[in-house]
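Work through these short exercises with the model open beside you. Try each task before reading its solution.

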Amino acid sequence: FYLVNKGGDYKALVEKAMATGRVLVLDCKDVDTAKAALDICADKKPILHGATADNYEAMKALAEEKGVTLGASAATLSDLHDLSEKIASKNLVLEDTATSGKEAFEAVVTIRRSAITDSDRTFGFPSIVNVANIAPGNPYLQSAYASLFTCKYGSIIVVEEMTYAMS
């Protein structure tokens with residue numbers, strides 16, 4: 001489950017999601033809220049997806065303390081590259097926050113190719129593709145994007161709702 005911190009009681013949301021027994025991705029940029037959430041679920045090894053240029057030091061320290069994978073995101077590939085270099089962790093997941101399918105496709109291909117052909121270890125990590133942000137409210141387009149990114153370098157693909165047909 002991909003849990004976004006939109007205010008409210010994030011800790012209660014994490015507790016409810018823990019009951020499903022599924023792997024969690026905690027999309028939370030606030031360090032204190034992330035710490036409270038990880039106090040509940042760190043033993044299940046969720047992904048703490050909240051590192052940005054503004055908070056990466058605190059998020060990295062929290063992820064290392066709890067023994068979980070850190071997720072980092074940035075608005076551009078250049079910013080994401082710089083952020084990945086600054087974090088310098090082997091336990092990392094990257095997300096380029098593209099706003100269209102074309103941008104997201106170019107980003108994941110560029111990230112993977114630079115890691116493979118250019119031997120750029122800064123981008124040598126799995127990638128999150130959030131198709132729910134690319135095509136909000138359109139399950140058909142999200143399904144098409146999910147199948148595209150499954151074939152082309154999307155390691156974790158986020159959709160608004162997973163139906164039987166989509167799985």
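The exercises below go from the overall fold to charge pairs.

This is a predicted model, in which local features need pLDDT of at least 70, side-chain atom pairs count only at pLDDT 80 or more, and totals for chains, interfaces and linings use all residues. Residues are numbered from 1 along each chain as its sequence is written, and side-chain values use heavy atoms, with hydrogens and water left out.

**Exercise 1. Lay out the secondary structure of the chain.**

Step 1. Count the elements: seven helices and seven strands. Helices (H or I, at least four residues) and strands (E, at least two) are DSSP runs, numbered from the N terminus.

Step 2. Read them in order from the N terminus: β-α-β-α-β-α-β-α-β-α-β-α-α-β.

**Exercise 2. Compare the radius of gyration of the chain with that of a compact globule.**

Step 1. Apply the globule rule, 2.2 Å times the number of residues to the power 0.38; the radius is taken over C-alpha atoms.

Step 2. For 167 residues the rule gives a value near 15 Å, and the chain has 15 Å, which agrees.

Step 3. Add the spans: the C-alpha trace covers about 40 × 40 × 25 Å along its principal axes.

Step 4. Check burial. Buried residues (under 20% relative accessible area, 1.4 Å probe, protein chains only; exposed is over 50%, partly exposed in between) make up 46% of the 167.

**Exercise 3. How many salt bridges does a search of the whole structure find?**

Step 1. Set the criterion: a side-chain nitrogen of Lys or Arg within 4 Å of a carboxyl oxygen of Asp or Glu.

Step 2. The search finds four.

Step 3. Take Lys 29 and Asp 27, which pair at 2.9 Å, N to O. Lys 29 is partly exposed at 37% relative accessibility, whereas Asp 27 is buried at 12%.

**Exercise 4. Why are Lys 35 and Asp 39 separated by about one helical turn?**

Step 1. Locate them: both sit in helix α2 (residues 31–41).

Step 2. They are four residues apart there, so about one helical turn separates them.

Step 3. Their side chains form a salt bridge at 3.9 Å, N to O. Lys 35 is partly exposed at 34%, and Asp 39 is partly exposed at 47%.

**Exercise 5. Analyse the pair Lys 60 and Glu 64.**

Step 1. The closest N and O atoms of this salt bridge are 4.0 Å apart.

Step 2. Both residues belong to helix α3 (residues 56–66), four residues apart, so about one helical turn separates them.

Step 3. Lys 60 is partly exposed at 22%; Glu 64 is exposed at 53%.

Step 4. Now look for a network: salt bridges with shared partners join Lys 35, Asp 39 and Lys 66.
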